[in-house]
Amino acid sequence: MKALPDAPPAPDSSTPLKKGLTTPLLYFFILGDVLGAGVYVLVGEVAALSGGAVWAPLLAALCLALLTAASYAELVTKYPRAGGASHYAVLAYGPFAGFLTGFCMLAAGIVSVAALARGFGGDYLSEFVSLPVVLVTVVFLAALALLNARGINESTRANVVATVVEVGGLLLVIGLGAWVVLRGDGDPGRLTDLGTSHEGPVAALLSGAVLAYYSFVGFETSVNVAEETLDPRRSYPRALFGALVTAGAVYALVGVTAAAAVPTGRLAESSGPLLEVVRAAGGVPTEVFGAIALVAVANGALLTGIMSSRLAYGMARDGLLPRFLTKVLPGRRTPWAAIATTTGLSLLLASTGDVSTLASTLVLLLLVVFFLVNTSLLVLRRDPAPREHFRAPTVVPVLGAVSCVVLATQIDREVWWRGLLVLAAGAVLGAVAAARSRRDRRTDPV
């Protein structure tokens with residue numbers, strides 16, 4: 001895979017969205033979304049599935065994520081438009097597949113923001129102040145929507161600060177874990193323990209990789225801000241691969257130090273495994289991690305909210321959702337209608353509290369999206385490119401599609417049933433959107 005040489009961005013006056021993202025801002029956007037709130041519980045859950053060798057499924061998941069990321073890099077630099085995966089599926093397979101792809105992404109994003117909003121008002125906030133969760137959720141989502149509507153520059157600069165805090169917290173865990181080992185209280189021998197009493201090494205690696213894969217998703221949200229990037233052809237591959245490799249290195253080091261510093265059973269039983277490392281090391285107030293976790297949750301919700309609104313905007317512009325969602329603020333040039341609608345749906349879900357049944361289907365929904373993205377790339381190779389773009393070897397999207405199928409086979413049957421219900425709803429709505437698209441084409445004047 002070869003990145004293209006630097007070139008000045010071509011002017012584009014056709015887009016109604018403001019171009020303001022540079023390569024560093026895009027890098028932090030992706031890194032901040034990948035290094036989300038999930039990492040603070042990830043290590044313990046992976047340890048429960050895979051044993052003390054937490055680093056192994058984390059690195060396996062990184063390699064699998066890089067396959068699909070390469071497909072995204074080619075498609076983004078070839079078709080730099082908001083709408084992302086949905087737009088690519090429309091080009092490759094038509095409006096039905098485009099709607100289904102976008103619906104999966106949109107459902108995952110809206111539920112994710114709702115879950116993060118409720119998480120913000122939960123135990124982490126209780127470390128500092130006790131407030132009704134519903135009140136916190138309303139204020140939290142309203143603040144995120146206003147920041148989102150204010151502009152992509154303001155949103156992503158806030159993300160830079162939050163990402164620095166998140167990375168700083170994880171580096172602190174790495175340092176504290178290393179200190180526990182160096183003073184003789186840890187056990188580096190646990191790092192070679194791959195497998196559990198129920199599963200052998202290979203099965204444990206795959207089970208852990210499915211969960212660890214969730215920690216790397218988030219890079220796909222950046223596709224929906226490609227249209228607001230100054231030069232996506234040059235910036236996107238650099239920012240994407242740089243952010244994923246950075247996240248992978250941080251995750252692996254966190255896994256190594258946490259597993260070496262804290263017994264595997266204790267990690268697996270804790271809902272805050274990184275807090276166990278802080279406790280084992282001593283000297284750092286545990287409230288510090290409460291604050292870092294709140295920043296991580298808020299940042300993840302902000303970035304996912306940006307993705308959801310841009311995806312809704314792009315789908316509406318492709319005729320897959322109501323045209324109302326394409327309305328933008330005249331001065332700010334941000335998609336206010338899409339922001340308001342997606343925020344309202346997240347608020348509805350968060351207020352009911354019944355988000356856990358959908359939250360567990362997020363990985364499955366995203367695997368469906370990633371499978372369609374990888375196969376769309378193969379189909380669109382026949383489409384002549386209007387400009388130079390990043391190009392991945394053909395074997396990469398093939399392996400990316402296969403990896404989605406392999407990971408999907410590791411997901412529990414109960415999650416499959418819930419995911420199939422969401423997919424069925426998307427299929428029905430997609431059929432309506434496809435019929436409407438065909439009708440519009442017949443009625444358009446020649």
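Gly319 sits just after helix H13 and takes a positive phi of about 85 degrees. That value, like everything else I will show, comes from a predicted model.

H13 itself runs over residues 287-317. With 31 residues at 1.5 Å each, the helix should span 45 Å, and its end C-alpha atoms are 45 Å apart, so the two figures agree. H13 is also mostly covered, with 25 of its 31 residues buried.

One of the helices that H13 packs against is H14. Their axes are 8 Å apart and the angle is about 120 degrees. Angles over 145 degrees would count as roughly antiparallel and 65 to 115 as roughly perpendicular, so this pair is oblique. The crossing of H13 and H14 is right-handed. On the H13 side, the contact uses Ser308, Ser309, Arg310, Ala312 and Tyr313, and on the H14 side Ala338, Ile339 and Thr342. By type, that contact divides into four nonpolar residues, three polar and one charged.

Stay on H14, residues 336-352, because H14 also packs with H7, residues 133-150. Here the angle is about 165 degrees and the axes are 10 Å apart. H7 and H14 are therefore roughly antiparallel. This crossing is right-handed too. From H7 the contact takes Thr137, Val138, Leu141, Ala145, Asn148 and Ala149. From H14 it takes Ile339, Thr343, Ser346, Leu347 and Ala350. Seven of these residues are nonpolar, four are polar and none is charged. Note Ile339: this residue is in the contact with H7, and it is also in the contact with H13.

H7 has a further partner in H5, residues 95-120. What is the angle between H5 and H7? They cross at roughly 125 degrees, and their axes come within 8 Å. That makes H5 oblique to H7. H5 passes H7 in a right-handed crossing. The H5 residues are Val113, Leu116, Ala117, Arg118 and Phe120, and they meet Val133, Val136, Thr137, Phe140 and Leu141 of H7. That contact has eight nonpolar residues, one polar and one charged. On H7, Thr137 and Leu141 take part here, and both are also listed in the contact with H14.

Next, helix H3, residues 55-78. H3 has 24 residues and reaches 34 Å from its first C-alpha to its last, close to the 34 Å expected at 1.5 Å a residue. Is H3 enclosed or open? Of its 24 residues, 18 are buried, so H3 is largely enclosed by the rest of the structure.

Now a single residue, Leu211, in helix H9, which covers residues 201-216. Which residues does Leu211 touch, leaving aside its neighbours within four places in sequence? They are Leu42, Glu45, Val46 and Leu49. Leu211 and Leu407 are 196 residues apart in sequence, yet their C-alpha atoms are 9.6 Å apart in space.

Last, the protein as a whole. The secondary structure comes to 18 helices and zero strands. Of the 446 residues, 54% are buried. Among contacts with a separation of 6 or more, 85% are between residues 24 or more positions apart.

Terms used: Residues numbered from 1 in each chain as written. Predicted model: local features only at pLDDT ≥ 70, side-chain atom pairs only at ≥ 80, totals over all residues. Heavy atoms only, no water. Helix = DSSP H or I, 4+ residues; strand = E, 2+ residues; numbered from the N terminus. Expected span 1.5 Å × (residues − 1). Buried < 20%, exposed > 50% of the residue type's maximum accessible area, 1.4 Å probe, protein only. Axes fitted to C-alpha atoms, helices over the stretch in contact; angles between N-to-C directions. Parallel < 35°, antiparallel > 145°, perpendicular 65-115°, else oblique. Left-handed = near helix turned anticlockwise from the far one by under 90°. Contact = heavy atoms within 4.5 Å. Nonpolar A, V, L, I, M, F, W, Y, C, P; charged D, E, K, R; others polar.
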